[in-house]
Amino acid sequence: MSQWFYILEETDIFDMDLKEKIKKELSVNNFFSREKEYRIQVSFHVDLLTDDRIDMIDIPIESWQNQRKEDHKIYDLLNYQLKETERVISDVGLNISKVAIQGENLLATNRVEVRIFEEELKRSSNRVKVFLTVPNLQYTQDKVTEYASKHLSIIYSDLFNIVKQRKLLAEILEIEETEDDEILMEEFVNKYKDLCFASIEKERVILDKLKKRLIFVLEKHNKLRN
């Protein structure tokens with residue numbers, strides 16, 4: 001599928017005209033189809049999260065919304081820019097499935113990048129438009145990696161405590177016999193990385209498969225000993 005990349009210079013998330021600048025850019029370079037749908041990704045410089053201008057800016061919010069405390073005001077700004085971006089892009093005529101705004105280490109603080117990804121149009125009455133705010137993308141990715149690493153490490157440790165022998169663990173993982181913990185752990189991660197963010201049902205299926213493999217290997221070696 002096609003994708004487009006736009007760079008807007010001399011602007012940032014504190015620019016209340018940002019939405020119009022994005023709309024203008026898309027209107028000039030309009031290669032989009034009403035028979036497709038699109039994911040929108042707006043990136044700003046992560047250093048702006050601590051910019052002093054947040055204390056002075058007046059963020060337009062709906063009357064029923066409660067503006068956050070000053071130390072969380074940046075989230076109101078990001079959500080405002082997110083919703084306004086979605087609104088003006090919809091006005092251009094795009095069918096939007098997801099729109100995200102995220103902080104990254106861009107080349108300059110006075111720069112906004114917009115990426116648009118084309119997808120097949122889902123013709124369903126249950127279509128849901130997704131809005132995503134990620135103030136610090138790198139921090140979020142690091143936390144996800146940390147969680148995934150801990151989750152897999154716990155499962156691996158539980159498995160090793162049951163098996164207690166590296167050569168049996170290698171057989172369970174269907175690799176050549178080895179005493180190298182690094183190789184064993186790497187192979188385990190490669191085989192079972194889907195456990196990190198699987199649904200409850202999918203995790204049960206994966207763990208059941210691992211359990212069957214474990215039982216098969218242990219029973220095989222018990223028979224050999226007998």
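This passage describes the nonpolar cores and two backbone outliers of a predicted model. Residues are numbered from 1 along each chain as its sequence is written, and side-chain values use heavy atoms, with hydrogens and water left out. Local features need pLDDT of at least 70 and side-chain atom pairs count only at pLDDT 80 or more, whereas totals for chains, interfaces and linings use all residues.

The largest nonpolar core (buried Ala, Val, Leu, Ile, Met, Phe, Trp, Tyr and Cys residues joined through side-chain atoms within 4.5 Å; buried means under 20% relative accessible area with a 1.4 Å probe, protein chains only) has 32 residues. Within it, Ile 13, Ile 40, Leu 94, Val 114 and Ile 116 touch the most other members. Two or more residues each come from S1, H1, strand S2 (36–45), helix H2 (73–92), strand S3 (95–104) and strand S4 (111–120); helices (H or I, at least four residues) and strands (E, at least two) are DSSP runs numbered from the N terminus. H2 gives the largest share, eight residues. A second, separate core has 20 residues, among them Ile 155, Val 163, Leu 184 and Tyr 192.

Ile 116 is in contact (heavy atoms within 4.5 Å) with residues including Trp 4, Tyr 6, Phe 32, Ile 40 and Leu 94, residues up to four places away in sequence not being counted.

Most residues other than glycine have a negative phi. Glu 10, in the loop between strand S1 (3–9) and helix H1 (18–28), has a positive phi near 55°. Glu 174, in the loop between helix H4 (166–172) and helix H5 (181–192), has a positive phi of about 60°. Both are exposed (over 50%), with relative accessible areas of 60% for Glu 10 and 57% for Glu 174.
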